[in-house]
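Please look over the structure shown here before reading the report that follows, which takes up confidence, surface charge and salt bridges in turn.

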Amino acid sequence: MVNDSLQANVSAKVLQHSVKGLETVEPGPGLIKSLLLMAAFLVTSFFALSTDSTPAFISLGLVAGLLAAALFVLTHDAIHHTLTGWKLFDDFMPRIISAPLLWVHGLYSEIHKIHHKMNGDDLDDPERVQWTEEEYLNASKVVQFYVRNQWFFDIFAFAGLGMIYKTTKHALKKYPKSKGIRRQFWLDLSTILLTNTVIYSIAIQYGLGLKYLVFWIILERTTGAVVQWRAHIEHYGLWGKSHHFFETQVFNCRNIETNPFMSWYLNRLNYHSVHHAFPKVPFYNLKIAHQRFMELYKNSAPMVLEHGYLGTTLRLATHPTVIGSQIASTQKGQKEMIAI
């Protein structure tokens, strides 16, 4: 259940002041990380496609998938132009990464900006992962079974293809009225078709057509699983409007204390409240901003802070909930999470 004590104890002006000096983007950190991950991915992919050993092929494919997932997280930062701050690089680099995986980066960039505006406030949020009580009760028995086991299905069954479908579906709903989405749709489609035509032509020329297809499936499963998992753990079980926009984001995002490697791998998005409230803060400043937020909220309603990704995942996945009706005793807009 949502904390009944939630209240706007930190004003919008104070929160804005807390990130002063942290929103300037330096190109170095993002550029270095991008190039290192891309180089590691390409080398791993080359050895995977070159080996005659099936176990080595699968193992290297899984490593390549994990590297691709880390690169995919960087494309998220590029949407906000906080990866390097160089608009051309931040716009172009994600397409190089996304197109081979059939990922619709342009559509995602449009949808993700809407998500940042609607998170915790508007149930039409295109990236809302949690169902409402009404949606659940009106669904068929099969769909209800899916909702109760949503984490397993989304992460392991639907994975990357599920993300592509969901993003495209939400984008097409807005296609008739959005010039940006229409432009991104055709840019994504042409880029994906051209890139994969070139890749498969080269693979077939060297007798690797089938092997590359299997390699692609491994990438899609691995990368998709990581991306779906991230989407769920960052917001599942959290919903409700607070007294002002910034605090709505603070309380509708999950922050997770984790080891330095996981924080680096996910580009510091374990400090998710700061990112949602102030998406112009670059990844290398999120921890500093998070510590300032924690200090501001230490004497009031606490931010959502979990300990460890694995334990948090198991708890949320095995205790499914839906967004219930408004509770009169809580702040305006706060919702109850109902176990199902």
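## Terms for the helices

Helices are DSSP runs of H or I with at least four residues, and they are numbered from the N terminus.

## Confidence of the model

This is a predicted model, and its chain has an average pLDDT of 94, with 95% of the residues scoring at least 70. Two stretches call for care: residues 1-6 stay under 50 in pLDDT, and the model gives them 14 contacts beyond four places in sequence, while residues 327-331 are also below 50 and have eleven contacts beyond near neighbours in sequence. Where pLDDT is low, the predicted coordinates should not be read in detail.

## A positive patch on the surface

A patch of positive charge on the surface is formed by K113, K117, K179, R182, R183 and K280. Both α5 (105-118) and α9 (179-205) supply at least two residues of this patch, and α9 gives the largest share, three residues. K280, another member of the patch, is placed in the loop between α13 (272-277) and α14 (286-296).

## Salt bridges

Across the whole structure, nine salt bridges are found. One salt bridge joins R95 to D188, with the closest N and O atoms 2.7 Å apart. Because R95 lies in helix α4 (residues 87-98) and D188 in helix α9, this pair ties together parts that are 93 residues apart in sequence.

Definitions and conventions
Residues numbered from 1 in each chain as written. Predicted model: local features only at pLDDT ≥ 70, side-chain atom pairs only at ≥ 80, totals over all residues. Heavy atoms only, no water. pLDDT = per-residue confidence, 0-100. Contact = heavy atoms within 4.5 Å. Patch = residues over 30% accessible without salt bridge, like charges linked within 9 Å, V, L, I, M, F, W, Y side chains within 5 Å. Areas by Shrake-Rupley, 256 points an atom, 1.4 Å probe, with all protein chains shown as cover. Salt bridge = Lys/Arg side-chain N within 4 Å of Asp/Glu carboxyl O. Lys, Arg positive; Asp, Glu negative; His and termini not counted. Charge placed at Lys NZ, Arg CZ, Asp CG, Glu CD.
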